Amino acid sequence: MSQTPPSPETLTFYIPAKGFLQAAQMVVASPLQNESRRAMTFLPINTLLGFSVELYCKAWLAANGRAPDELRKQFGHKLRNLYVACVNSGLELGSLETLASQLEAGHGDFSYRYFEPSRVEYEGANTAFAFHVLNELDALVDARVGASASMGLVPGH
């Protein structure tokens, strides 16, 4: 039995979600990373992680019939609200709540994107935990969206 290809509405969110995750993984795994570069890439990495969570959640919701414009207007960058909507739409991944909570403030108020010289400290996600959760989320969304399957890959790739 062949699976229905993913809708363009779903791919609007799914493709960049996967790209943001892969970009964050490449930066963290880079052989160029060292202590000073980790400090300099903290905000960009958390930006990538936040967008990955946001867009995977929107892909899940789009695969469940929600229109992209509605998702953009209703949720914006509110990760916690997106998580709740996904749970209400059948997504089962409790660790995503923790990750969404870790990233919500900096992602939602743009502080991961715009450095504030007067700010003493920034909070973000533990990358090992974030990658674990996002890899699980990726597999769940892959299966729901059917994107990897439509490209001849198994879920998670």
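Where is His107 found? In this predicted model, the answer is helix 5. Let's start there and then wander through a few other spots.

**Around His107**

With a relative accessibility of 1%, His107 counts as buried. Once neighbours within four places in sequence are set aside, His107 is in contact with Thr47, Gly50, Phe51, Glu54, His77, Leu79, Tyr112 and Arg113. One name there, Tyr112, turns up again in the next stop.

**Asn46 and the largest pocket**

Asn46 sits in helix 2, and at 1% relative accessibility Asn46 is buried. Not counting neighbours within four places in sequence, Asn46 touches Leu103, Tyr112, Gly124 and Ala125.

Asn46 also helps to line the largest pocket. How much space lies in the largest pocket? About 190 Å³. Besides Asn46, the lining is made up of Val28, Gln33, Glu35, Arg38, Ala39, Thr41, Phe42, Ile45, Ala125 and Thr127. Ala125, then, is both a contact of Asn46 and part of this lining. Which helix gives the most to the lining? That's helix 2, spanning residues 35-63, with seven residues. Sorted by character, the lining has five nonpolar residues, four polar ones and two charged ones.

**Rings and a charge**

Now for the aromatic side chains. The structure holds four aromatic pairs. One of them joins Phe115 and Tyr122: the ring centres are 6.2 Å apart and the planes meet at 25 degrees, so the pair is stacked. Stacked calls for planes under 30 degrees apart, so the 25 degrees found here qualifies.

Are these two partners buried or exposed? Phe115 is exposed, at 55% relative accessibility, whereas Tyr122 is buried, with a relative accessible area of 15%. Tyr122 has another companion too: the charged end of Arg119 sits over the Tyr122 ring, 4.3 Å from its centre.

**Two loops and a helix**

Next come some residues from elsewhere in the chain. Lys78 is in the loop between helix 3 (68-75) and helix 4 (79-88). At 46% relative accessibility, Lys78 is partly exposed.

Phe110 belongs to another loop, the one between helix 5 (95-108) and helix 6 (127-145). Its phi is near 70 degrees, a positive value in a residue other than glycine. Phe110 is partly exposed, at 34% relative accessibility.

Lys18, on the other hand, is part of helix 1, which covers residues 8-29. Lys18 counts as buried, at 13% relative accessibility.

How do places in sequence relate to places in space? Here are two pairs, with C-alpha to C-alpha distances in the last column.

| Pair | Apart in sequence | Apart in space |
|---|---|---|
| Lys78 and Glu104 | 26 residues | 6.6 Å |
| Lys18 and Tyr114 | 96 residues | 23 Å |

In words, Lys78 and Glu104 are 26 residues apart in sequence and 6.6 Å apart in space. For Lys18 and Tyr114, the figures are 96 residues and 23 Å.

**Putting it together**

To recap, His107 in helix 5 and Asn46 in helix 2 each count Tyr112 among their contacts. Asn46 also joins the lining of the largest pocket, to which helix 2 gives the most. Elsewhere, Tyr122 is stacked with Phe115 and has the charged end of Arg119 over its ring.

Note on methods. Residues are numbered from 1 along each chain as its sequence is written. This is a predicted model: local features need pLDDT of at least 70, side-chain atom pairs count only at pLDDT 80 or more; totals for chains, interfaces and linings use all residues. Side-chain values use heavy atoms; hydrogens and water are left out. Rings of Phe, Tyr and Trp (its six-membered ring) pair if their centres lie within 6.5 Å; planes under 30 degrees apart count as stacked, over 60 as edge-to-face and the rest as tilted. Buried means under 20% relative accessible area, exposed over 50%, partly exposed in between (1.4 Å probe, protein chains only). A charge sits over a ring if NZ of Lys or CZ of Arg is within 6 Å of the ring centre and within 35 degrees of the ring normal. On a 1 Å grid over the protein atoms alone, a cavity is a set of points where a 1.4 Å probe fits but cannot get out, and a pocket is an open set with protein on both sides within 12 Å along at least five of seven lines; lining residues have an atom within 4 Å of a point. Grid points are joined across faces, edges and corners, and a volume is the space filled by probe spheres set on the points. Helices (H or I, at least four residues) and strands (E, at least two) are DSSP runs, numbered from the N terminus. Ala, Val, Leu, Ile, Met, Phe, Trp, Tyr, Cys and Pro count as nonpolar, Asp, Glu, Lys and Arg as charged, and the others, Gly among them, as polar. Contact means heavy atoms within 4.5 Å.
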